[in-house]
Amino acid sequence: MSVTYYATGTVTFDTPVPLASFWELLEARHTPWRIAPSAGSDTDTAVPRSARERLLLPADDADLDGQGRPSHIKGFTIDWDDRGYLIGNALRDLVVAVYSGGGDLHEYDITFQGEDGSKGEIIFYANEDDAALGWEETHAPGRPTEVFGCVPWTFRPSRTS
């Protein structure tokens with residue numbers, strides 16, 4: 001049985017990352033990310049929740065292209081309920097895009113609550129070669145807390161020509 005989780009929080013990067021690093025995520029078929037309206041845009045700020053599930057946050061001083069998209073992203077926010085593996089895979093893919101774009105995670109605070117009553121934080125573990133995303137429980141009714149759903153990946157820096 002797969003448990004549905006509600007995850008919410010924000011992650012900022014140590015330095016803004018070029019939007020081009022996120023193209024594949026913006027065009028993902030099942031779990032696309034969206035770009036939050038820029039502070040100076042005239043886009044309606046009353047974005048429906050379905051459009052707030054996975055948002056990339058434009059850098060404060062980012063230039064806008066002809067379609068109103070920012071040149072750089074400073075972080076992301078999620079407000080999403082779904083199966084744990086879908087949330088985990090989407091977060092992993094986004095963090096890989098950040099690393100590939102030359103950035104790193106600066107601060108993060110993502111919490112989760114499961115339909116089974118479990119609660120905790122989603123944690124990113126990383127060093128120069130490997131990284132993993134883990135779900136660290138702080139509350140698990142009727143059982144000991146655990147770290148689960150660790151999704152490892154190997155980071156390979158982009159090649160320069």
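**Overall architecture and the surroundings of three residues**

The protein chain comprises three helices and eight strands, in a model that is predicted. Read from the N terminus, these elements follow the order β-α-β-α-β-β-α-β-β-β-β. Of the 161 residues in the protein chain, 40% are buried, and the accessible surface of the protein chain comes to about 9,300 Å², with 47% of that surface belonging to carbon and sulfur atoms. Among the contacts in the protein chain with a separation of 6 or more, those between residues 24 or more positions apart account for 55%.

Three residues, each assigned to a strand, were examined for their surroundings. Thr77 lies in strand β4, which spans residues 72-83, and the side chain of Thr77 takes part in polar interactions with a stretch distant in sequence. The side chain of Thr77 comes to 3.0 Å from the backbone oxygen of Gly9, while a polar contact of 3.5 Å links the side chain of Thr77 with that of Thr10. When residues up to four places away in sequence are set aside, Gly9 and Thr10 appear again among the residues that Thr77 touches, together with Trp33, Glu53, Arg54, Leu55 and Leu57.

Thr12 is placed in strand β1, formed by residues 4-18. Although 63 residues separate Thr12 from Gly75 in sequence, the C-alpha atoms of Thr12 and Gly75 are 4.1 Å apart in space. Gly75 is also one of the contacts of Thr12 once neighbours within four places in sequence are left aside, the others being Lys74, Asp104, Leu105, His106 and Glu107. Thr12 is classed as partly exposed because its relative accessible area of 27% falls between the 20% limit for buried residues and the 50% limit for exposed residues.

Ile35 belongs to strand β2, which consists of residues 34-35. The relative accessibility of Ile35 is 26%, and this residue therefore counts as partly exposed, the value again lying between the limits of 20% and 50%. Outside the range of four places in sequence, Ile35 touches Leu19, Leu26, Leu55, Leu56, Pro58, Arg69 and Pro70. For Pro70, which is 35 residues from Ile35 along the chain, the separation of the two C-alpha atoms is 8.5 Å. Leu55 is listed both among the residues in contact with Ile35 and among those in contact with Thr77.

Methods:
Residues are numbered from 1 along each chain as its sequence is written. This is a predicted model: local features need pLDDT of at least 70, side-chain atom pairs count only at pLDDT 80 or more; totals for chains, interfaces and linings use all residues. Side-chain values use heavy atoms; hydrogens and water are left out. Helices (H or I, at least four residues) and strands (E, at least two) are DSSP runs, numbered from the N terminus. A polar contact is a pair of N or O atoms within 3.5 Å; within protein, one must be able to donate a hydrogen and the other to accept it, and residues adjacent in sequence count only if both atoms are side-chain atoms. Contact means heavy atoms within 4.5 Å. Buried means under 20% relative accessible area, exposed over 50%, partly exposed in between (1.4 Å probe, protein chains only). Accessible areas come from the Shrake-Rupley method with a 1.4 Å probe; for residues, only the protein chains shown count as cover.
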